[in-house]
Amino acid sequence: MNVCFLLGGFQSNGGIGRVTSILANSLCEKENMTIHTIAYCQTNKPLLYNLSDKIHQHALFSASTSMLQAMTVKHAVKRVRNLVREQKIDILIAAGALFYPLAIRAVRGTNAKCYCWEHTDPGTTHDHRYQGWCRRYAVKYADKMIVLTRSAKQYYIDQLHMDLEKLAHIYNPINSSTCNSPYDLDSKKIIAVGRLTYQKNFDRLVDLASRFLPGTNWSLDIYGQGEDRQILTNLIREKGLSEQVHLMGQVSDLYARYPQYAFQVMSSRYEGFPMTLLEGATHRLPLVSFDIPTGPNEIIVDGKNGFLVDAQDDNRMVTCVQKLMEDASLRQTMSDNAYRMVQKFSLNDILNQWCEIL
């Protein structure tokens, strides 16, 4: 079987590239399975996520190109269709709503099937202008829709009226076998991870940090890059937090850094299925997150492996963070629970689900 993933690429920090690399690297080890990837845009910058030498990598464009221009001027459909035919692709998987129409149109006139892989809250349309339309197009024309959470599956059924037989729910996988570091009970550092964009809501997190950090020897490190960096830099300075809140940028060794931290905080406005929470839990970190529509409430059990906070309740978010800062015993208990509870997202189990659906 020849399976191909179509996605933005592997050169920027983001959940789609990360989870696709994990899945593709595992699938290519399966007997009689050949894996291809098509990066929508791939420059000469190094890849942020390592891909196996067994994976056949392709790229559509070498510079940033709008999807409108790609579809109307640069013959993106024809380019992908030619790759599908040349490589005898059996299943083309569009990773992210932006690529659904491109993939669906590209398999027309070929023997390939098109699977669409939803990576965010299907109720949001903040990522790009045509996001809602792309989903409706996929509901009508895709051979299969794969979603990350139970609530996302229910949304496709109730709001988009998708045929249940064409809909599948598979969690993102995490490879916990590579995480052997013990929990650091003495750490006074909090970690947050994500692109510095509207979605991740880090301006709100910085504002909350001005309530729980001053007067303590704790710090908050935010990993990621994005268009809001200068806004956040100014806000950190304005709040007088320059010594305690640090923008760490995009790093290639994030896995190695998780064990330095005491717990993880997520402030996102919306998510699909947040890989960063799985990564934190795998490294035995207690988790604190706003209870947004999809994702966190299928990872965090409030009071067990972390705290799940109503998305409008800033006061409880501050209180929960302070509890973890002040109570080492609570941190240890939640750390133990985090590592135990994350095992349901093990790579082997989820890989088997993917093999079955393919």
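Select Ile91 first, and then Lys113 in strand E5, because the two stand opposite each other. This is a predicted model, and the pair you have selected belongs to two strands, E4 and E5 (residues 113–117), which run parallel and are joined by five bridges.

Widen the selection to the whole sheet around this pair. It is an open sheet of seven strands in the order E3-E2-E1-E4-E5-E6-E7, with parallel pairing. At the edges stand strand E3 (56–61) and strand E7 (167–169), each with a single partner strand, so one side of each is left without a neighbour in the sheet. From one strand to the next, the twist averages 20 degrees.

Two helices can now be added to the view. Helix H6 (residues 150–158) packs on the sheet and touches strand E6 (144–147) and E7, its direction making about 165 degrees with that of E7. Helix H13 (residues 347–357) lies across E4, E5, E6 and E7, and runs at about 170 degrees to E6.

Next, select strand E1, residues 2–7. Is this strand enclosed or not enclosed by the rest of the structure? Six of its six residues are buried, so E1 is largely enclosed. In a regular strand the side chains alternate between the two faces of the sheet. Showing the side chains of E1, you will find Asn2, Cys4 and Leu6 pointing one way and Val3, Phe5 and Leu7 pointing the other way, and all are buried.

From E1, look to its partners. Strand E2 (residues 34–41) runs parallel to E1 and is joined to it by six bridges, and in this pairing Leu7 stands opposite Ala39 of E2. Strand E4 (residues 91–95) also pairs with E1 in the parallel sense, over four bridges, and here Leu6 stands opposite Ala94 of E4.

Before leaving this part of the chain, select Lys88, which lies in the loop between helix H3 (76–86) and E4. Most residues other than glycine have a negative phi, and most peptide bonds are trans. Lys88 has a positive phi of about 55 degrees although it is not a glycine, and with a relative accessible area of 62% it is exposed. In helix H3 itself, pick Asn82, which is partly exposed, with a relative accessible area of 33%. Thr110 is 28 residues apart from Asn82 along the chain, and the C-alpha atoms of the two are separated by 9.6 Å.

Now move to another sheet, an open one of six strands in the order E10-E9-E8-E11-E12-E13, again with parallel pairing. Its edge strands are strand E10 (245–249) and E13, each of which pairs on one side only. Neighbouring strands of this sheet are turned by 20 degrees against each other on average, direction ignored. Within the sheet, select strand E8 (residues 189–193) and strand E9 (residues 219–223), which pair in the parallel sense over five bridges; the bridge partner of Val193 in E9 is Tyr223.

Add helix H10, which lies across E8, strand E11 (263–266) and E12, and runs at about 170 degrees to E11. In the loop between helix H10 (275–282) and E12, select Arg284. Arg284 has a positive phi of about 70 degrees although it is not a glycine. Is Arg284 buried or exposed? With a relative accessible area of 19%, Arg284 is buried.

Continue to Asn305, in the loop between strand E12 (287–290) and strand E13 (306–309). At 1% relative accessibility, Asn305 counts as buried. A polar atom of its side chain lies 2.8 Å from the backbone nitrogen of Val301. Leaving aside neighbours within four places in sequence, the residues in contact with Asn305 include Pro286, Leu287, Ile299, Ile300, Met334 and Met341.

Met334 leads to the last stop, a pair of helices. Two packed helices are described by the angle between their axes and the distance between the axes. Helix H11 (residues 314–326) and helix H12 (residues 328–341) pack at an angle of about 100 degrees, with their axes 5 Å apart, and H11 and H12 are therefore roughly perpendicular to each other. To see where they meet, select Lys323, Leu324, Met325 and Glu326 in H11, together with Ala328, Leu330, Arg331 and Met334 in H12. By class, this contact has five nonpolar, no polar and three charged residues.

Methods: Residues numbered from 1 in each chain as written. Predicted model: local features only at pLDDT ≥ 70, side-chain atom pairs only at ≥ 80, totals over all residues. Heavy atoms only, no water. Buried < 20%, exposed > 50% of the residue type's maximum accessible area, 1.4 Å probe, protein only. Pairing = 2+ DSSP bridges. Polar contact = N/O pair within 3.5 Å; in protein donor to acceptor, adjacent residues only side chain to side chain. Contact = heavy atoms within 4.5 Å. Axes fitted to C-alpha atoms, helices over the stretch in contact; angles between N-to-C directions. Parallel < 35°, antiparallel > 145°, perpendicular 65-115°, else oblique. Nonpolar A, V, L, I, M, F, W, Y, C, P; charged D, E, K, R; others polar.
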